[in-house]
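Could you help me practise reading helix and sheet packing from a model? Please set me a few short exercises and work through each solution with me.

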Amino acid sequence: MASKTKKTQFDAVKTLENIESQFEMVQILNEKGEIVEDALVPDLSDEQLTELMRRMVYTRILDQRSISLNRQGRLGFYAPTAGQEASQLASHFALEKEDFILPGYRDVPQIIWHGLPLYKAFLFSRGHFVGNQIPEGVNVIPPQIIIGAQYVQAAGVALGFKKRGKQAVAVTYTGDGGSSQGDFYEGINFAGAYGAPAIFIVQNNQFAISTPRDKQTAATTIAQKAIAAGIPGVLVDGMDPLAVYKVVKEARARAVNGEGPTLIETMCYRYGPHTMAGDDPTRYRTSDTDSEWEKKDPLVRFRNYLVNKGIWNEEKENEVIEQAKEDIKVAIKKADDTPKQKVTDLISNMYEELPNNLQEQYEIYKEKESK
Amino acid sequence: MAQMTMIQAITDALRTELRNDENVLVFGEDVGVNGGVFRATEGLQKEFGEDRVFDTPLAESGIGGLAIGLTTQGFRPVPEIQFFGFLFEVMDSVSGQMARWRYRTGGTFHAPITIRSPFGGGVHTPEMHADSLEGLMAQQPGLKVVIPSTPYDAKGLLISAIRDNDPVIFLEHMKLYRSFRQEVPEEEYTIPLGKAEVKREGSDLTIVAYGAMVHDSLKAAEELEKEGHSVEVIDLRTISPLDIDTIITSVEKTNRAIVVQEAQKQAGIAAQVVAEISDRAILSLEAPVLRVAAPDTVYPFSQAEPVWLPNHKDIIETAKKVLQF
């Protein structure tokens, strides 16, 4: 029997497609280093452009040396950063000193460029509390190991700025896998509800350890998750320093102008393993994919752009490389020279005033340490 | 002086600190215009404004993260978790983050946060409202855990908790909110954290208790007195860190002790108290230190509370075992 099915007026699939179509990837420099969006080119001086390139090259060297020092046993925990220089450093380049960074475990470069001394970053890697003693006036917390926690905390930092009437933003980073956490959602939603000045960056490097991005969510972009919080979301080419800088700069302007938070997805790639603790990326991704992303290398396209502008050359690049190697050598030496940790140090760092159990244990360990 | 219930004393402490320190912020689910589900924050938003006393989205983890973030800008957050059974949602912010904040940054940052939260049985709440989860908190280095049993203690301890520059978990027993009134000074005063109080002096047996069990212990002590037993009752008031001196001084005097808690036997902090007594005063003991605690099941369906929750009769029974050992 033919039934009279009433055709629904509501097309849920179309609604989804409409939403997805709104998240086109922002790109300014193509893979060859050519400007593809004239109107979006950020207003950066030649000095600023070369400084950004200098930081990206420096950080690539820092990654290579860190991997090597880790293999020699001279560093501990290390999460490689090669490939993410535009995402990490061009986003940081759009910030001001008073802005507060809540990094994830892979986001050591940003806090270094925000003012954390290199030897402290190495002590963080080795597992020494001095590495996390942030210098006065450097607005960062140590790298967050609990994926998502930095997001809810960023909402609090941002609300703090708003309550103090400060023209500053809280900036935090997670990865594609991290966007599946509850704290990811709660963080962007709280910041949205309070109209707090926060920038939430998702560095989509395609893999959470071995799990590819499409196993995290059926959403076609992570940027569109901003809709759930009712805040703007932007998808940007994370291998393009100019595009990353531009979208973060705009998000910052909106935030300090009282217009609330932004979620930014940077589409990027990590060339190395997840961490140096035994992860082997050949188990879960192909060399074809690797080489496809190597063509998109942020250093290659930015170098081409600057060379064509006549403000970068091999000599300048080699200077940066030598400087980086020298700084790293000095920093590792300084880390080596840092006094070893004692249990009494660890006890002293627990509370402002030690409770009686720790007072008692302090005396016991002080006695042991004096022998 | 004024006659106050415990909930009034808590509101009074919050008002005192909101007045004293502009960095104090009170926030949580329905603590603003509504004045809290138990009226603990009644009138505070009206007096201090939405900037100081405000509602949050319904997400405990977000509330914990918000508190931590606010400390970086010099605020002194006093967030509320509506019922402590909801702790699990915010366990990372509490145990994984704020408790470790000072240590992990080598003293660069600290977390002057006081989390207020109601708990405790006897008022037929729905699931996950009344559970005694203080044992989880007491096991986390970096926290202090405070559980008042009287209006006077609640005010003085809460003011101290808010002024403390490290995180404090302040647990408020729901059955004690309005069960009796007590003289409470209207002016500010503090009670040091980590200090127990002898609520009743005695010479034959020490009862160590906290929360609602303090009152059951006092009732048990009165009945035991009628039978010729002189019982000392210690209210821990802070369960982490423990006031070892007060406990050991008492046990060395009475030579017998029991520890009373509302939590299940495998939970709470009674085992820790027993271990400390064993470590420090075993030569004073005339009998083993026994515990009064709830059965090791999930918190009871509300109708089963009367048969499940420890009460003064259980305390008398255990006290007699120790007295007659």
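Here are four exercises on this predicted model, each with a worked solution.

**Exercise 1. Find out whether the overall spread of chain A agrees with that of a compact globule.**

Start with the contents: chain A has 14 helices and seven strands. Next, look at the extent of the chain, whose C-alpha atoms fill a box of roughly 90 × 55 × 50 Å along the principal axes. Now take the radius of gyration. A compact globule of 371 residues would have a value near 21 Å, and chain A has 23 Å, so the two agree.

**Exercise 2. Work out how helices α6(A) and α7(A) are oriented to each other, and which residues meet.**

First, locate the pair: α6(A) covers residues 149–164 and α7(A) covers residues 182–194. Their axes lie 6 Å apart and make an angle of about 15°. Angles under 35 degrees count as roughly parallel, and therefore that is the description for α6(A) and α7(A). The crossing is left-handed. Then go to the side of α6(A), where A149(A), Y151(A), V152(A), A155(A), L159(A) and K162(A) take part. Among their partners in α7(A) are D183(A), F184(A), I188(A) and Y194(A). Sorted by class, the residues of this contact are ten nonpolar, one polar and three charged.

**Exercise 3. Do the same for helices α3(A) and α9(A).**

Here the helices span residues 85–93 for α3(A) and 241–256 for α9(A). Their axes come within 8 Å and cross at roughly 45°. The two helices are therefore oblique to each other, and the crossing is right-handed. On α3(A), the contact uses A86(A), S87(A), A90(A), S91(A) and F93(A); on α9(A), it uses P241(A), V244(A), Y245(A) and V248(A). The class count is seven nonpolar, two polar and no charged residues.

**Exercise 4. Lay out the three-stranded sheet of chain B and say which strands stand at its edges.**

Begin with the order, β3-β2-β4, in an open sheet with parallel pairing. Strands β3 (53–55) and β4 (76–79) each have a single partner strand, so one side of each has no neighbour in the sheet. From one strand to the next, the twist averages 25°. Between β2(B), residues 24–28, and β3(B) there are three bridges, and V26(B) has V53(B) as its bridge partner. Finally, add the helix: α1 of chain B, residues 6–20, packs on the sheet and touches β2, β3 and β4. The direction of α1 makes about 135° with that of β2(B).

Terms used: Residues are numbered from 1 along each chain as its sequence is written. Chains are lettered from A and ligands numbered from 1 in the order in which they are written. This is a predicted model: local features need pLDDT of at least 70, side-chain atom pairs count only at pLDDT 80 or more; totals for chains, interfaces and linings use all residues. Side-chain values use heavy atoms; hydrogens and water are left out. Axes are lines fitted to C-alpha atoms, for helices over the stretch in contact, and angles run from 0 to 180 degrees between N-to-C directions. Helices (H or I, at least four residues) and strands (E, at least two) are DSSP runs, numbered from the N terminus. Angles under 35 degrees count as roughly parallel, over 145 as roughly antiparallel, 65 to 115 as roughly perpendicular and the rest as oblique. A crossing is left-handed if the near helix is turned anticlockwise from the far one by less than a right angle, and right-handed if clockwise. Contact means heavy atoms within 4.5 Å. Ala, Val, Leu, Ile, Met, Phe, Trp, Tyr, Cys and Pro count as nonpolar, Asp, Glu, Lys and Arg as charged, and the others, Gly among them, as polar. Two strands pair if DSSP finds at least two bridges between them. The radius of gyration is taken over C-alpha atoms; the globule rule is 2.2 Å times the number of residues to the power 0.38.
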